[in-house]
Amino acid sequence: DDVSSMHSRDGSTYLRGSVMSEKLRASEVQSRRSVDTRKPSKQVKTVQKLRPNKAVTLSETSTVLEVAAALASKRSDAALLIGLDGILSGIFTDNDLVRRVVAAFEEPSNVQISSVMTKRPTCVTVDDHAMDALMMMVKNHFRHLPVVDPKGSIVGVLDIAKCLFDVITRVEKMAEKSNSSVNQAVAKSIQASAPNAHSVQLAALQSVLAPLMEQMFGGSGVPTLRKVIDDAGRKSSIIRSSVNVREASQVMAETRKAVLITEDDRLVGIFTPKDMLGRVVAKKLPADLTAVSSVMTPDPDTVRPDLSVLEALHQMHDNRYLHLPVVDDSGGVVDVVDVMDIVNCLLTGEGGKLFLEAGMDNDDDVSSLQSREESLKLVVNAKAGSRPHNFHSPSEQNSQFESTTVFEDIFLFKIVCK
């Protein structure tokens, strides 16, 4: 799932200052871009606005062990590799480490990174359209995407999980700053039954995203984790605590997931690709002699199969989780869901584009929000009769709330102005 996924100064090789000519470097960048190359207008968000992560960069002559150690020291899971010519030549991630090294019985200290990295990865520039970059990541199932400047110098790496979490943060801020009665009613209702910040934030988020969820999933409602797992139809990611790291890596390579560790059919831990990188390879532990139970994360938080994808995303966002173990009401282990499952479910198609646009369109200025809310309500009210037949307003859904949030108005504005 990391076709383009692969971050400092000590021992790192930087693209900036390369002996290559500016012209050659620029042409190399253009050959790898697959987004709209038109210059964005002032109103269009650029990749720079997505705040790419700082990149861990090393020479492509490094060994896998050296790259793993550098990543572990920076608590990162993707590295950009630079060729002798100074050009970005590859990308290597914790998932690549599991599939191409450990599961393949390769010795990290003996393997040169150039033989197992993804070569000539797709990249974007800081001036490219942010939405084009995000939708390209979704479409191609990229979790990481290198970002360079127009001359080819490395700027950073986009992480789809961070981008998605940023969208949720912006939408929550929008809900908090809006003066609409929906948010006030939600807060009152939830605080009465479950007076904690997490519940209020989730309720506000759900109310804000309700129209978009209706548009994306129709009458079937927001999918649950059980549907996500069933639709994937993949092999089990459950292993016994007695297996070693090598055996665990082979299951991980086949399922492309973290593994859940059990004892007597009870969940006792989780072991992820990042654990493989930081707790095994970077520490030079022998994969065949190390029990997975000694390097797993014990007693992880769990969720139920009937949890909605939106609720799962919120929990991942709040705790900065990339994986969620799913167990049934009796404690039986079902499977593990990761952030790419959520991305594939929520962001595929036109609905996903609207979801991302909504978060990116958020204005942090309260007065601007209120002004835009009033303006959009006028437009929506004026064109209410032209809404599509498959659109249902809150009142048409017998909602207990009477007005709309800023996000709802923005979404309605997009619909009625088509």
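# A guided tour of selected sites and helix contacts

Begin by selecting L84, which touches E60 and T61 when residues up to four places away in sequence are not counted. The model on display is a predicted one. L84 lies in the loop that joins β2 (78-82) to β3 (88-93). With a relative accessible area of 76%, L84 is exposed. Add S59 to the selection: its C-alpha atom is separated by 7.5 Å from that of L84, although the two residues are 25 residues apart along the chain.

**Stop two: the loop after α2**

Move next to R75, in the loop between α2 (64-73) and β2. R75 is not a glycine, yet its phi is positive, at about 55°. Is this residue buried or exposed? R75 counts as exposed, because its relative accessibility is 70% and the exposed class covers values over 50%.

A second residue with a positive phi can be selected for reference. R120 occupies the loop between β4 (118-119) and β5 (124-125). Its phi is near 45°, and R120 too is a residue other than glycine.

**Stop three: α2 against α10**

Display α2 together with helix α10, which spans residues 273-281. The axes of α2 and α10 are 9 Å apart, and the helices pack at an angle of about 105°. The two helices are therefore roughly perpendicular to each other. To see the contact itself, show the side chains of L65, A68, L71 and A72 in α2, which meet L277, G278 and V281 in α10. Sorted by class, this contact comprises six nonpolar residues, one polar residue and no charged residues.

Keep α10 in view and colour its buried residues: P273, D275, M276, L277, V280 and V281. Which elements do they pack against? The helices in question are α2, α3 (94-102) and α9 (245-255), and the strands are β10 (266-271), β11 (297-298) and β12 (323-327).

**Stop four: the loop before α9**

From α9, step back to S241, placed in the loop between β8 (238-240) and α9. S241 is buried, its relative accessible area being 15%. Select E263 as well: the side chains of S241 and E263 make a polar contact at 3.2 Å. The residues touched by S241, leaving aside those up to four places away in sequence, are I261, T262, E263, V292 and S293.

**Stop five: T46 and T125**

Turn to T46, in the loop between α1 (22-32) and β1 (56-59). At a relative accessible area of 17%, T46 is buried. Now select T125 and compare the two positions. They are 79 residues apart in sequence, while their C-alpha atoms are 9.0 Å apart in space.

**Stop six: helix α4**

Select residues 130-140, which form helix α4. How many of its eleven residues are buried? Eight of them are, so α4 is largely enclosed by the rest of the structure. Those to highlight are A130, M131, A133, L134, M135, M136, M137 and V138. Then extend the selection to H141, just after α4, where phi is positive at about 60°.

**Stop seven: α11 against α12**

Finish with helix α11 (residues 309-319) and helix α12 (residues 339-346), whose axes are 10 Å apart and which pack at an angle of about 140°. How are these two helices oriented to each other? α11 and α12 are oblique, because the angle of about 140° falls outside the ranges for the roughly parallel, perpendicular and antiparallel classes, the last of which requires a value over 145 degrees. Their crossing is left-handed.

Show the side chains on both sides of this contact: V309, A312, L313 and M316 belong to α11, and they meet V339, I342, C345 and L346 in α12. By class, the contact of α11 with α12 contains eight nonpolar residues, with no polar and no charged ones.

Stay with α12 for the last selections. Seven of the eight residues of α12 are buried, so this helix is largely enclosed by the rest of the structure. The buried residues are V339, M340, D341, I342, V343, C345 and L346. Finally, zoom in on the start of α12, where a side-chain oxygen of D338 comes to within 3.1 Å of the backbone nitrogen of M340.

Key:
Residues numbered from 1 in each chain as written. Predicted model: local features only at pLDDT ≥ 70, side-chain atom pairs only at ≥ 80, totals over all residues. Heavy atoms only, no water. Axes fitted to C-alpha atoms, helices over the stretch in contact; angles between N-to-C directions. Helix = DSSP H or I, 4+ residues; strand = E, 2+ residues; numbered from the N terminus. Parallel < 35°, antiparallel > 145°, perpendicular 65-115°, else oblique. Left-handed = near helix turned anticlockwise from the far one by under 90°. Contact = heavy atoms within 4.5 Å. Nonpolar A, V, L, I, M, F, W, Y, C, P; charged D, E, K, R; others polar. Buried < 20%, exposed > 50% of the residue type's maximum accessible area, 1.4 Å probe, protein only. Polar contact = N/O pair within 3.5 Å; in protein donor to acceptor, adjacent residues only side chain to side chain.
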